[in-house]
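Trainee: Could you take one part of this structure and go through it slowly with me? I'd like to hear about the salt bridges, and then about the packing.

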Amino acid sequence: MTSPLKLSPSDQEHLIDKLQVFKIHGRDKRGRKVLCIIGKLFPARLVSTEVLNKYLEEKIFANLKDKPFSVVYVNTGVQRNENFPGIWTLRSIYDAIPITVRDNLEAVYFVHPGLQSRLFLATFGRFIFTGGLYRKLQYVNRVEFLWDHVRRNEIEFEIPEFVFDHDEELEHRPMVEYGLEGDHRRAYGTPSVDSAVSMYSMRCIA
């Protein structure tokens, strides 16, 4: 990740909370807790690796040590220059996860992977995610298929509307899924991370 832009560590943590990038809510079909991660909302250019690791350790991992859990990672709208933290940051985050938490992570449901994500994980996944995590990864091409794995009535309202909008777009323009059409961000009017950060900076950072 690039250096945070004039935000103190406490403001960076507040920003992560405000954008609700990480949330433990609901259970999957096997009764495991679900950690939901909305990739598009992650302010990669504004949060340092150190602050992110501290935030995860204190507010997320502390609540996931005791029992098995799964992750729903929503990749919709993630762009390399906006909200993707980078390869080495991902490796640093993974290395910082306590062993007890790693051992209890049993499944990662990767929603809307897209061609670039598939290629990235095929190339770097085994290098970044050691210890068998790569084998726990399951691609979910549509949100409707996610309900085969998690309890819909407990998870659905945690999924942003732009994710469902992208599902509809894939139904009408399936080539978008494979990177054979233009950037899908232009196809529907959803707030970008920048706009969310701007709103936050005006109202919350003081």
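**Salt bridges and packing**

Mentor: Let's start with K54, which counts as partly exposed because its relative accessibility is 37%, between the 20% limit for buried and the 50% limit for exposed. Bear in mind that this is a predicted model. The side chain of K54 meets that of E58 in a salt bridge, with 3.3 Å from N to O. Both residues sit in helix α2 (residues 49-60), and the spacing of four residues is about one turn of the helix. E58 is partly exposed too, at a relative accessible area of 44%. The story doesn't stop with the pair, though: E13 joins K54 and E58 in a network of salt bridges.

How many salt bridges does the structure hold? Eight, so let me pick out two others. R32 and E106 bring their side chains together at 2.7 Å, N to O. This one ties distant parts of the chain, 74 residues apart: R32 is in the loop between β1 (22-27) and β2 (33-38), while E106 belongs to strand β4 (residues 105-111). Is R32 buried or exposed? Buried, because its relative accessible area is 7% and the cut-off is under 20%. Its partner E106 has 37% relative accessibility, so E106 counts as partly exposed. The other pair is R151 and E154, whose side chains meet at 3.5 Å, N to O. R151 has 30% relative accessibility, so it is partly exposed; E154 gets that label as well, at 24%.

Now stay with β4 for a moment, since E106 took us there. F110 is also in strand β4, and at 9% relative accessibility it counts as buried. What does F110 touch, leaving out residues up to four places away in sequence? Its contacts are Y73, N75, S117, L121, L137, Q138, Y139 and V140. Take Y73 from that list: Y73 and F110 are 37 residues apart along the chain, yet 5.0 Å separates their C-alpha atoms.

Strand β4 matters for the next bit as well, the nonpolar core. The largest such core has 54 residues, and F22 and V72 are the ones with the most contacts inside it. Which element gives the largest share of this core? That's β4, with six residues. As for F22, its neighbors beyond four places in sequence are I16, L35, C36, I37, L52, Y55, L56 and I60. Several of those names bring us back to α2, where K54 and E58 form their bridge: the helix runs over residues 49-60, and F22 touches, among others, L52, Y55, L56 and I60.

One last packing spot, if you swing the view around to helices α3 (residues 87-96) and α5 (residues 114-128). Their axes are 10 Å apart and the angle between the helices is about 35 degrees. The crossing of α3 past α5 is right-handed. On the α3 side the contact is made by I87, W88, L90, R91 and Y94, and α5 brings in F120, F124, F127 and I128. Sort those residues by type and you get eight nonpolar, one charged and no polar.

Definitions and conventions: Residues are numbered from 1 along each chain as its sequence is written. This is a predicted model: local features need pLDDT of at least 70, side-chain atom pairs count only at pLDDT 80 or more; totals for chains, interfaces and linings use all residues. Side-chain values use heavy atoms; hydrogens and water are left out. A salt bridge is a side-chain nitrogen of Lys or Arg within 4 Å of a carboxyl oxygen of Asp or Glu. Helices (H or I, at least four residues) and strands (E, at least two) are DSSP runs, numbered from the N terminus. Buried means under 20% relative accessible area, exposed over 50%, partly exposed in between (1.4 Å probe, protein chains only). Contact means heavy atoms within 4.5 Å. Axes are lines fitted to C-alpha atoms, for helices over the stretch in contact, and angles run from 0 to 180 degrees between N-to-C directions. A crossing is left-handed if the near helix is turned anticlockwise from the far one by less than a right angle, and right-handed if clockwise. Ala, Val, Leu, Ile, Met, Phe, Trp, Tyr, Cys and Pro count as nonpolar, Asp, Glu, Lys and Arg as charged, and the others, Gly among them, as polar. A nonpolar core is a set of buried Ala, Val, Leu, Ile, Met, Phe, Trp, Tyr and Cys residues joined through side-chain atoms within 4.5 Å.
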